[in-house]
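Here is a short report on one protein chain. Take a first look at the sequence and the structure before reading on.

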Amino acid sequence: MPIPRHRSAPSPYVLAVVGTDVHRFDRLVDWLERWHAGRGDVSVVLQYGHSRAPRLPGATPFLGHEELQRAMAEATLVVSHGGPATITEARRTGHLPIVVPRDPAHDEHVDNHQQLFSRRLGAAGLVRLCESEAELFAALDEGLADPSRFLLTADPGRPDPRAEAVARVGQVIDDLVARRVRQRDGGRR
């Protein structure tokens, strides 16, 4: 059974969140503008942070925590950068987030931790990983055609699904940190 959401948007609506990092994420902004250009029947709310201001009517530089929670609860689909907090919030509100990690090769972050983290979550089925424009377009089109594929289901046998999700994300972070320490130390302990 889907986790209950208070969906008040009358038409399909995509929430895209780039986070608050000082690095620009213009690549994702560009992709979303191009995708939306052919889909006037879909609203896109884009929190673009320090990226360039997009040519989308629902664009805003930042959302407060309560605004973000409400927007996620009402969204048909959630697109996120590879930040653990945003991914966790999207999952907590019942979404399988579509994740586009920032890439340091495009000066979108200081290192590749978002890519490593997002790839691990993608391999575990905890996010829909999109590392190319074509993958993002396909995920968005698939999600609008069948939104249920991007909803998380509740398992009444679990004591607290939010705590379990946080624990799983924490384990992925711990594994990545341990791997980084081993690489730095050349495998020595």
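The report goes from the whole chain to its core, and then to a few chosen places.

**The chain as a whole**

This is a predicted model. The chain holds six helices and six strands. Read from the N terminus, the order is β-α-β-β-α-β-α-β-α-β-α-α. There are 189 residues in the chain, and 41% of them are buried. The accessible surface is about 9700 Å². Carbon and sulfur atoms account for 53% of that surface.

How far apart in sequence are the residues that meet? Take the contacts between residues at least 6 apart in sequence: 65% of them join residues at least 24 apart.

**The core**

In soluble globular proteins, nonpolar side chains tend to be buried together. Here the largest nonpolar core has 25 residues. Six of them touch the most other members: Leu28, Leu46, Val79, Ile98, Leu136 and Leu140. Five elements each supply at least two residues of this core: strand 1, helix 1, strand 2, strand 4 and helix 5. Helix 1 gives the largest share, five residues.

Valine 79 shows how these parts meet. Beyond its neighbours within four places in sequence, valine 79 is in contact with Val14, Leu15, Ala16 and Val17, among others. These four residues fall within strand 1, which spans 13-17. Further contacts of valine 79 are Leu28, Ile98, Val100, Leu136 and Leu140.

**Arginine 27**

Arginine 27 sits in helix 1. Is this arginine buried or exposed? Arginine 27 counts as buried because its relative accessible area is 16%, under the 20% cut-off. Its side chain reaches the backbone oxygen of proline 101 at 3.3 Å. Leaving aside neighbours within four places in sequence, arginine 27 also contacts Arg102, Asp103, His106, Glu108 and Glu131.

**Helix 3**

Helix 3 covers residues 84-92. Its buried residues are Thr86, Ile87, Glu89, Ala90 and Arg91. What covers them? The cover includes strand 1, helix 2, strand 4, strand 5 and helix 4. After helix 3 comes glycine 94, with a positive phi near 95°.

**The second largest pocket**

The second largest pocket holds about 210 Å³ of space. Its lining includes Pro84, His113, Phe117, Ile173, Val177, Arg179 and Gln183. Leu116, Leu176 and Arg180 line this pocket too. Helix 4 and helix 6 are the elements that give two or more residues to the lining. Helix 6 gives the largest share, six residues.

Leucine 116 belongs to helix 4. Leucine 116 counts as partly exposed because its relative accessibility is 27%, between the cut-offs of 20% and 50%. Not counting residues up to four places away in sequence, leucine 116 touches Leu176 and Arg180. Leucine 116 and proline 101 are 15 residues apart in sequence, and their C-alpha atoms are 8.8 Å apart.

**Two residues in a table**

The table sets out the two residues whose accessibility was given above.

| Residue | Element | Relative accessible area | Class |
|---|---|---|---|
| Arginine 27 | helix 1 | 16% | buried |
| Leucine 116 | helix 4 | 27% | partly exposed |

Technical notes. Residues are numbered from 1 along each chain as its sequence is written. This is a predicted model: local features need pLDDT of at least 70, side-chain atom pairs count only at pLDDT 80 or more; totals for chains, interfaces and linings use all residues. Side-chain values use heavy atoms; hydrogens and water are left out. Buried means under 20% relative accessible area, exposed over 50%, partly exposed in between (1.4 Å probe, protein chains only). Contact means heavy atoms within 4.5 Å. Accessible areas come from the Shrake-Rupley method with a 1.4 Å probe; for residues, only the protein chains shown count as cover. A nonpolar core is a set of buried Ala, Val, Leu, Ile, Met, Phe, Trp, Tyr and Cys residues joined through side-chain atoms within 4.5 Å. A polar contact is a pair of N or O atoms within 3.5 Å; within protein, one must be able to donate a hydrogen and the other to accept it, and residues adjacent in sequence count only if both atoms are side-chain atoms. On a 1 Å grid over the protein atoms alone, a cavity is a set of points where a 1.4 Å probe fits but cannot get out, and a pocket is an open set with protein on both sides within 12 Å along at least five of seven lines; lining residues have an atom within 4 Å of a point. Grid points are joined across faces, edges and corners, and a volume is the space filled by probe spheres set on the points.
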